[in-house]
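Please open the structure in your viewer and keep the selection tool at hand. The tour below proceeds stop by stop, stating what to select and what is found there.

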Number of protein chains: 2
Amino acid sequence: MTARTGGTSMTDDNTVFIGSKPASVYVQAVAAQFESGSTAVVIKARGKAISKAVDVAEIVRRRQVRDAEVADISIGTEEVVAEDGRTLRVSSMAIVLSLRTAQDDTT
Amino acid sequence: MTARTGGTSMTDDNTVFIGSKPASVYVQAVAAQFESGSTAVVIKARGKAISKAVDVAEIVRRRQVRDAEVADISIGTEEVVAEDGRTLRVSSMAIVLSLRTAQDDTT
């Protein structure tokens, strides 16, 4: 497992964490995962980065990896401990993009 | 159909559009829809308001309407014509919250 650093574009297995960089950075990271042979990539985000996660998924699907489709979307709430020790709740989201199989192409 | 004004909290049938007001305003709008007898409410957002839509869904589900669960989440891209006539693409999201039936409660 790769260490995760706040705000950077780290990939962990087939997962791309959305941070504070421009959406294009994460679009390339997701496309690279597919190019390296992954058949599914998970795009994860928390808080305000959730909007960017949707942008990334849509750009990948529409422009970069035409065979990719949204396989699943889930939302939740995660607890984060702030520097002052307080526990904050933040919304989270995971979007699974997966390659269509030949059979799915007719739909 | 009710006219939709940018940035305000208009409800159209069982749909709540997320705009620029605080999340609590939309939480109350969704809860009011359920209180008025709706068994499902759709939370819609575009662009940066998408993160707030997830916050609203999570707050409603966790604190306001304990019987509500996420029934469906969809994302897409909408085209918006700007004032200068250019067509802009913006990400969109719809979250469907629905009341659990008694049978579902065991899951």
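**First stop: a lysine in chain B**

Select B:Lys52, which lies in helix 2 of chain B, residues 49–64. The model is a predicted one. B:Lys52 is buried and yet has no salt bridge. Now select B:Asp55, the nearest side chain of opposite charge, which is 8.1 Å away from B:Lys52. That distance does not qualify as a salt bridge, because the nitrogen and the carboxyl oxygen must lie within 4 Å.

What does the side chain of B:Lys52 reach? Add B:Lys21 to the selection: its backbone oxygen is 2.6 Å from the side chain of B:Lys52. Beyond its neighbours within four places in sequence, B:Lys52 is also in contact with other residues, among them B:Ile18, B:Gly19, B:Ala23 and B:Tyr26.

**Second stop: chain A as a whole**

Select chain A and colour it by secondary structure. Two helices and five strands make up its secondary structure, and along the sequence they follow the pattern β-β-α-β-α-β-β. Of the 107 residues in chain A, 38% are buried. Among contacts in chain A with a separation of 6 or more, 57% join residues 24 or more positions apart. The chain exposes about 6,000 Å², and carbon and sulfur atoms supply 46% of that area.

**Third stop: salt bridges in chain A**

Side chains of opposite charge can pair when their charged atoms come close. Over all chains, the structure holds 10 salt bridges; three pairs are visited here.

Begin with A:Arg61 and A:Glu58, which form a salt bridge whose closest N and O atoms are 2.8 Å apart. Both residues lie in helix 2 of chain A, three residues apart, or about one turn of the helix. Are the two partners buried or exposed? A:Arg61 counts as partly exposed, at 26% relative accessibility, whereas A:Glu58 is buried, with a relative accessible area of 1%.

Next, select A:Arg100 and A:Glu69, a salt bridge with its closest N and O atoms 3.5 Å apart. This pair links distant parts of the chain: A:Arg100 is in the segment after strand 5 and A:Glu69 is in strand 4, 31 residues apart. A:Arg100 is partly exposed at 27% relative accessibility, and A:Glu69 is partly exposed at 23%.

Finally, select A:Glu79 and A:Arg89, whose side chains meet in a salt bridge at 3.5 Å, N to O. A:Glu79 lies in strand 4 of chain A and A:Arg89 in strand 5, so the pair ties together parts 10 residues apart in sequence. Both A:Glu79 and A:Arg89 are exposed.

Note on methods
Residues are numbered from 1 along each chain as its sequence is written. Chains are lettered from A and ligands numbered from 1 in the order in which they are written. This is a predicted model: local features need pLDDT of at least 70, side-chain atom pairs count only at pLDDT 80 or more; totals for chains, interfaces and linings use all residues. Side-chain values use heavy atoms; hydrogens and water are left out. Helices (H or I, at least four residues) and strands (E, at least two) are DSSP runs, numbered from the N terminus. Buried means under 20% relative accessible area, exposed over 50%, partly exposed in between (1.4 Å probe, protein chains only). Lys and Arg count as positive and Asp and Glu as negative; His and the chain ends are not counted. A polar contact is a pair of N or O atoms within 3.5 Å; within protein, one must be able to donate a hydrogen and the other to accept it, and residues adjacent in sequence count only if both atoms are side-chain atoms. Contact means heavy atoms within 4.5 Å. Accessible areas come from the Shrake-Rupley method with a 1.4 Å probe; for residues, only the protein chains shown count as cover.
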